[in-house]
Amino acid sequence: QARLLPGSGVDLARFAPAPLPAGPPLVLMVARLLRDKGVHEFVEAARLLRAERPEIRMALLGPPDSLNRSAVDPATLARWLAEGVVEYLGVTDDVRPFLAAATAVVLPSYR
């Protein structure tokens, strides 16, 4: 079954298709750093992938949103970074260069 949902669509001039980037694969998650957005699942997937494909980079892009009840606490993020399982790219007002650098973009969200 399919349903058409109202929306504004994607501006294909602003988000133009591009070839895959060269170099090691980069899997990107763009989201607030919340349990509800699936950040913990992303990190666990990164651990599993790293065991078999260590060249794959896994990166998080988005604000910590520390006031949210499901926010990832700074100590947990620091452990992930120290472990080297994911990279944290910070916050941006323009995701396009990050999307262009990514091989895949994922959002394992509960919502």
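At 39% relative accessibility, Arg53 counts as partly exposed, because that value falls between the 20% limit for buried residues and the 50% limit for exposed ones. Its side chain meets that of Glu55 in a salt bridge, with a distance of 2.6 Å from N to O, and Glu55 is itself partly exposed, having a relative accessible area of 36%. The model described here is a predicted one, and the report turns next to the sheet before it comes back to the charged pairs.

**The sheet and its strands**

Four strands form an open sheet in which the order is β3-β2-β1-β4 and the pairing is parallel. The edges of this sheet are taken by β3 (87–88) and β4, each of which pairs on one side only. Strands of a sheet pair through backbone hydrogen bonds, and they may do so in either a parallel or an antiparallel way.

Strand β1 covers residues 26–30, and four of its five residues are buried, so this strand is largely enclosed by the rest of the structure. Leaving β1, the chain passes through helix α1 (residues 39–52) and then reaches β2, making a β-α-β crossover that is right-handed. Between β1 and β2 (residues 57–61) there are five bridges, and the two strands pair in the parallel sense; within this pairing, Val30 stands opposite Leu61 of β2.

Strand β4 (residues 104–106) also runs parallel to β1, and three bridges join the two. Val27 has Ala104 as its bridge partner in β4, while the partner of Leu28 in that strand is Val105. Helix α1, for its part, lies across β1, β2 and β4, and it runs at about 165 degrees to β2.

**Charged pairs**

Side chains of opposite charge can pair when their charged atoms come close. How many salt bridges does a search of the whole structure find? The search finds seven, and the table sets out three of them, including the pair with which this report began.

| Salt bridge | N to O distance |
|---|---|
| Arg69 and Asp36 | 3.4 Å |
| Arg47 and Glu83 | 2.9 Å |
| Arg53 and Glu55 | 2.6 Å |

In the salt bridge between Arg69 and Asp36, the closest N and O atoms are 3.4 Å apart. Arg69 belongs to the loop between β2 and α2 (74–83), whereas Asp36 belongs to the loop between β1 and α1, so the pair ties together parts that are 33 residues apart in sequence. Is each partner buried or exposed? Arg69 counts as exposed, at 62% relative accessibility, but Asp36 counts as buried, at 17% relative accessibility.

The side chains of Arg47 and Glu83 likewise meet in a salt bridge, at 2.9 Å from N to O. This pair links distant parts of the chain, since Arg47 sits in helix α1 and Glu83 in helix α2, 36 residues apart. Arg47 is partly exposed, with a relative accessible area of 32%, and Glu83 also counts as partly exposed, at 34% relative accessibility. Together with Glu44, these two residues, Arg47 and Glu83, are linked in a network of salt bridges.

Notes. Residues are numbered from 1 along each chain as its sequence is written. This is a predicted model: local features need pLDDT of at least 70, side-chain atom pairs count only at pLDDT 80 or more; totals for chains, interfaces and linings use all residues. Side-chain values use heavy atoms; hydrogens and water are left out. Buried means under 20% relative accessible area, exposed over 50%, partly exposed in between (1.4 Å probe, protein chains only). Two strands pair if DSSP finds at least two bridges between them. A crossover is right-handed if, with the strands pointing away from the viewer, the path from the first strand over the helix to the second runs clockwise. Contact means heavy atoms within 4.5 Å. Axes are lines fitted to C-alpha atoms, for helices over the stretch in contact, and angles run from 0 to 180 degrees between N-to-C directions. A salt bridge is a side-chain nitrogen of Lys or Arg within 4 Å of a carboxyl oxygen of Asp or Glu.
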